[in-house]
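Q: Could you take a close look at the lining of one pocket for me, and then show how it sits within the rest of the chain? A connected account would be ideal.

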Amino acid sequence: MDLTAICEALKATQETDGEARRKAEEMLDAASTSSPNQLVLALAGVLAQNVTQVADPLRQEAAVILRQLVNGLPTRESVWEELEAQTKTEVMAQLLKSIGGEDSKAVRRNVGQVAAAIATIAADDFDELNKSWPELLPTLSQFVGVGCDVSTRVIALGILKDLIPTVGEGLLAQGPAAITMLASQLADQAPEVRAAGCQLVLGMVEILGPEELEPVKQVMPAVVATIQGLASGFHEELLKETLEVLISAAEEEAEFVKNSQCLKGLTETLLQICGAGATAFADEDIRTSAMEAVMALAVGLSEDVAEPQGLPLLEHLVSLNLQWMMEVEEDVDAWTKEGQDKDDDDCDEAVVGYGEENLDKLAETFEEEVLMPLLFRVIRRTMSMPDCNWKHARSCIMALAQVIEYLEEEAWVSQCIEFIIQHLGHAHPRVRY
């Protein structure tokens with residue numbers, strides 16, 4: 001399959017004409033079965049062209065299809081093991097060239113995903129990968145160096161992150177060199193590189209075991225500093241991506257975060273993001289992701305948080321979630337119409353529901369003798385605020401409604417009921433409701 005033929009097929013896959021697109025997809029599917037070597041080499045040939053020879057959308061489509069051929073699809077097995085050795089060698093060489101020299105970030109990102117997919121298939125560990133694709137790790141090591149452009153470094157770090165299950169243990173076994181590399185990424189001037197380095201470290205925390213992670217403790221303060229920097233700058237997308245990786249790491253290895261002596265700095269940073277207010281970030285997911293991460297840490301370290309030194313964190317979480325529950329619809333007519341039209345009063349901001357769910361989770365996790373004194377202290381403080389209004393009252397009532405099902409002590413149940421009864425005659429319908 002020559003360059004012209006494969007480019008015509010790729011162009012047809014992007015046509016709005018359904019029939020033309022269907023024929024092109026069928027042709028490519030048939031080629032993957034009858035002549036996979038020729039198809040894979042043709043797609044790699046597209047990637048070898050620059051933008052003046054083949055447009056970005058076609059090169060990006062070539063990378064996507066190549067990734068699908070390597071990974072396989074629900075309806076089609078991976079073709080990688082069927083390929084001839086020479087085909088594999090040529091494709092792997094082209095991928096490394098594209099990662100280092102491709103102008104399009106989108107194409108380069110997809111090429112990086114293809115490289116990671118091949119490496120995962122080709123090897124089960126660090127040593128085996130060095131035998132099956134000896135050029136990959138040295139090239140990636142070169143690409144993450146300060147002499148390369150930002151985009152190349154970010155893609156290389158992303159590939160390493162994808163390969164943590166395969167090479168993570170072996171990479172850290174290289175000793176100080178690996179930690180020096182991680183530290184240099186976290187200290188880089190470019191926020192994109194710092195974020196990618198942070199995500200690589202957090203990916204290791206999620207996947208590797210405590211023994212393998214021991215040297216990573218050295219760079220955890222820099223991870224926290226990176227998150228702080230992303231939160232204080234204009235890097236919302238980078239911050240959002242990093243928080244998503246942090247959530248997974250916190251869910252898997254909260255204990256490691258504690259043992260790395262950075263728990264206080266990390267939770268304080270996350271709480272600041274959570275409490276920044278609805279207008280602080282253009283993307284609301286940033287606040288909710290930060291809350292999900294700090295909740296994962298609090299739940300994962302519940303025994304520590306329930307101790308006197310951990311109670312300020314728990315109280316702060318209770319207070320923040322009550323604040324979130326105040327971001328409700330103020331227009332009573334809109335709220336009433338929602339109930340009439342949908343038999344539901346769910347017209348509030350998403351964070352209101354998150355706040356309720358989080359209080360439910362805290363009540364499920366912590367013993368009532370730990371949580372309830374803090375909750376009522378926050379409620380008393382909330383209701384005594386100079387600007388206290390119906391939203392404060394509703395938030396406190398809803399907080400009690402979330403936790404009451406977990407209470408066993410009759411005294412706590414009685415206090416909840418007493419507070420609620422006091423507001424049955426409130427002037428605002430959303431409080432009475």
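A: In the lining of the second largest pocket, 4 residues are nonpolar, 3 are polar and 4 are charged. Here Ala, Val, Leu, Ile, Met, Phe, Trp, Tyr, Cys and Pro count as nonpolar, Asp, Glu, Lys and Arg as charged, and the others, Gly among them, as polar. Please keep in mind that this is a predicted model, in which local features need pLDDT of at least 70 and side-chain atom pairs count only at pLDDT 80 or more, while totals for chains, interfaces and linings use all residues. Residues are numbered from 1 along each chain as its sequence is written, and side-chain values use heavy atoms, with hydrogens and water left out.

The residues lining this second largest pocket are Lys258, Leu263, Lys264, Thr267, Glu268, Asp304, Val305, Gln309, Gly310, Pro312 and Leu313. A pocket is an open set of points on a 1 Å grid over the protein atoms alone, where a 1.4 Å probe fits and protein lies on both sides within 12 Å along at least five of seven lines; a lining residue has an atom within 4 Å of a point. The volume of the second largest pocket is about 320 Å³, taken as the space filled by probe spheres set on points joined across faces, edges and corners.

Three helices, α16 (263-274), α18 (302-305) and α19 (311-324), each give at least two residues to that lining. The biggest contribution, 4 residues, is from α16. Helices are DSSP runs of H or I with at least four residues, strands are runs of E with at least two, and both are numbered from the N terminus.

Helix α19 is a good place to step from the pocket into its surroundings. Its 14 residues reach 20 Å from first C-alpha to last, close to the 20 Å expected at 1.5 Å a residue; the expected span is 1.5 Å times one less than the number of residues. Most of α19 is covered, with 10 of its 14 residues buried. Buried means under 20% relative accessible area, exposed over 50%, and partly exposed in between, using a 1.4 Å probe and protein chains only. The buried residues of α19 are Leu313, Leu314, Glu315, Leu317, Val318, Ser319, Leu320, Asn321, Leu322 and Trp324. Leu313 thus appears in two lists, as a buried residue of α19 and as part of the pocket lining. Covering the buried residues of α19 are elements that include α16, α17 (285-300), α18, α21 (350-365), α22 (368-383) and α23 (390-403). Two of these, α16 and α18, also help to line the second largest pocket.

For comparison, the largest pocket holds about 670 Å³ of space. It is lined by 23 residues, and those closest to its centre are Arg109, Val154, Ile155, Ala196 and Glu241. At least two lining residues come from each of α6 (105-122), α9 (150-162), α12 (191-207) and α15 (236-259), and α9 has the largest share with 9. By type, this lining has 10 nonpolar, 5 polar and 8 charged residues. Helix α9 also holds Gly158, which counts as partly exposed because its relative accessibility is 27%. From Gly158 to Val403, 245 residues apart in sequence, the C-alpha distance is 41 Å. In helix α6 we find Lys105, which counts as exposed because its relative accessibility is 58%. The C-alpha atoms of Lys105 and Ile379 lie 50 Å apart, with their positions 274 residues apart along the chain.

A buried charged residue is worth a glance too. Arg59 belongs to helix α4 (residues 56-71) and counts as buried because its relative accessibility is 1%. Leaving out residues up to four places away in sequence, Arg59 touches Val46, Leu47, Gln49, Asn50, Val51, Val54, Glu102, Ser104 and Val107, where contact means heavy atoms within 4.5 Å.

Finally, the whole chain. It has 25 helices and 0 strands, and 50% of its 433 residues count as buried. The C-alpha trace spans about 80 × 55 × 35 Å along its principal axes. Of the contacts with a separation of 6 or more, 70% join residues 24 or more positions apart.
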